[in-house]
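Morning, everyone. Please pull up the chain on your screens, and I'll walk you through it.

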Amino acid sequence: MDLSVRIGGLHLKNPVMTASGTFGYGEEYAEFLDLSMLGAVVVKGLSLLPKEGNPPPRIVETASGMLNAIGLQNIGIERFIGEKIPFLRTYHTNVIVNFFGDSIGEYVAAAERLSAVDGIHGLEMNISCPNKQAGWCIFGTDPRVTSEVVGAVRKATKLPLIVKLSPNVTDISLMAKVAEDAGADALSVINTLTGMAIDIRTRRPKLANRTGGLSGPAIKPVAVRMVYEVYKAVKVPIIGMGGIMYAEDAVEFILAGASAVAVGTANFIHPAATTDILEGITTYMREEKIGKVSTLTGAAHAA
């Protein structure tokens, strides 16, 4: 069986990746699985300078999911380059760095710095965090601003550029086409949905930030629907994500139009979820007599 897929200019040995923000910088999970088995490791989102993130409490468990309002806490690009990349270079897998900025200039500067580092194979551009302050979200919800920021970063890097889309929009297909036209090589669909939980005893929001990003199985039907819609709107590859817990979930995303999948919340429950899902995809292909996993991409559209 051929499990390899292409995401823009990246060749992945298989379609299973980690979702940014759920796998640390890779090293945290290395004792639980062989990172070399994965198609790619996508690291926690990075900014030019370190960020403390939001005050606690920042995580709340919900029915079939979780709310998080971490606020993009990270060690900053320079510490990542000095402390984390040497470790990741020891593994035979693609390293994709998720990054963000508070301005177009910061996005460009971050992309330029990361593009100069050996051992980084692709960039995932986060324009869609649901638990930052309202002004920041315009990068992922205003088509004009999305086009401007993606276009500026496209000029700043020759690495494969993946744009992570927000589901908190009226028409995700429109935003996908805008990102594609501005130079995205691939699209990550979707980021978390904005949600909220209230403590009925204190009568206050459970998160200090009040709202946060909902992830986990609860959002999977929404994510699958959005991948299905985006697949019809663009020609670039899609990385599907949102509530993937088992191999069957991953296959569902692929049939909807994803070329690869990213596993997120499942990593918190079972640190080796990614490799279990990969094994399950292989079993499914054997049972269905599928020779190439890439032939499954978008197959639901022909049904």
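How many helices and strands does the chain have? Nine helices and 16 strands. Keep in mind that this is a predicted model.

Overall shape next. The radius of gyration is 18 Å, and the globule rule gives 19 Å for 303 residues, so the chain is as compact as a globular protein of that length. The C-alpha trace spans about 55 × 50 × 40 Å along its principal axes. Of the 303 residues, 58% count as buried. Now the contacts between residues at least 6 apart in sequence: 71% of them join residues at least 24 apart.

Let's zoom in on helix 1, residues 77-88. Which of its residues are buried? Ile-77, Phe-80, Ile-81, Lys-84, Ile-85 and Leu-88. Look down the helix axis: these buried residues fall within an arc of 130°, so they line one face of the helix. Remember the general rule here. An α-helix has 3.6 residues a turn, so residues three or four places apart point the same way. And what do the buried residues of helix 1 pack against? Strand 4, strand 7 and helix 2. For your screens, strand 4 is 40-46, strand 7 is 94-99, and helix 2 is 104-115.

Just before helix 1 comes a residue to flag. Leu-72 sits in the loop between strand 6 and helix 1. Its phi is near 65°, a positive value in a residue other than glycine. Leu-72 is buried, with a relative accessible area of 13%.

Set that beside Lys-289. Lys-289 also has a positive phi, about 55°, and it is not a glycine. Is Lys-289 buried or exposed? Exposed, at 73% relative accessibility. You'll find Lys-289 in the segment after helix 9, which covers 273-288.

On to the pocket. How much space lies in the largest pocket? About 640 Å³. There are 35 residues lining it, and the closest to its centre are Ser-20, Gly-21, Thr-22, Asn-68 and Thr-192. By class, the lining has 13 nonpolar, 19 polar and three charged residues. Strand 4 and strand 6 each supply at least two residues of that lining. So strand 4 comes up twice today: it takes part in the lining of the pocket, and the buried residues of helix 1 pack against it.

Now the backbone. Where are the cis peptide bonds I want you to see? One joins Pro-56 and Pro-57, with omega about -5°. Pro-57 lies in the loop between strand 4 and strand 5. Another runs from Val-189 to Ile-190, with omega near 15°. Ile-190 lies in the loop between strand 10 and strand 11.

Hold on to Pro-57, and go to Leu-207. Leu-207 is in the loop between strand 13 and strand 14. Loop or not, Leu-207 counts as buried, at 3% relative accessibility. What is Leu-207 in contact with, leaving aside its neighbours within four places in sequence? Pro-57, Arg-58, Ile-59, Val-60, Leu-67, Ala-69 and Gly-212. So there is Pro-57 again, from the cis bond, now in contact with Leu-207.

One last distance. Asp-118 is 89 residues from Leu-207 along the chain, and their C-alpha atoms are separated by 39 Å.

That's my tour. Over to you.

Definitions and conventions
Residues numbered from 1 in each chain as written. Predicted model: local features only at pLDDT ≥ 70, side-chain atom pairs only at ≥ 80, totals over all residues. Heavy atoms only, no water. Buried < 20%, exposed > 50% of the residue type's maximum accessible area, 1.4 Å probe, protein only. Helix = DSSP H or I, 4+ residues; strand = E, 2+ residues; numbered from the N terminus. Arc of directions from axis to C-beta. Contact = heavy atoms within 4.5 Å. 1 Å grid on protein atoms, 1.4 Å probe; cavity = no way out; pocket = protein on both sides within 12 Å on 5 of 7 lines; lining within 4 Å. Points joined across faces, edges and corners; volume = space filled by probe spheres on them. Nonpolar A, V, L, I, M, F, W, Y, C, P; charged D, E, K, R; others polar. Rg over C-alpha atoms; globule rule 2.2 N^0.38 Å.
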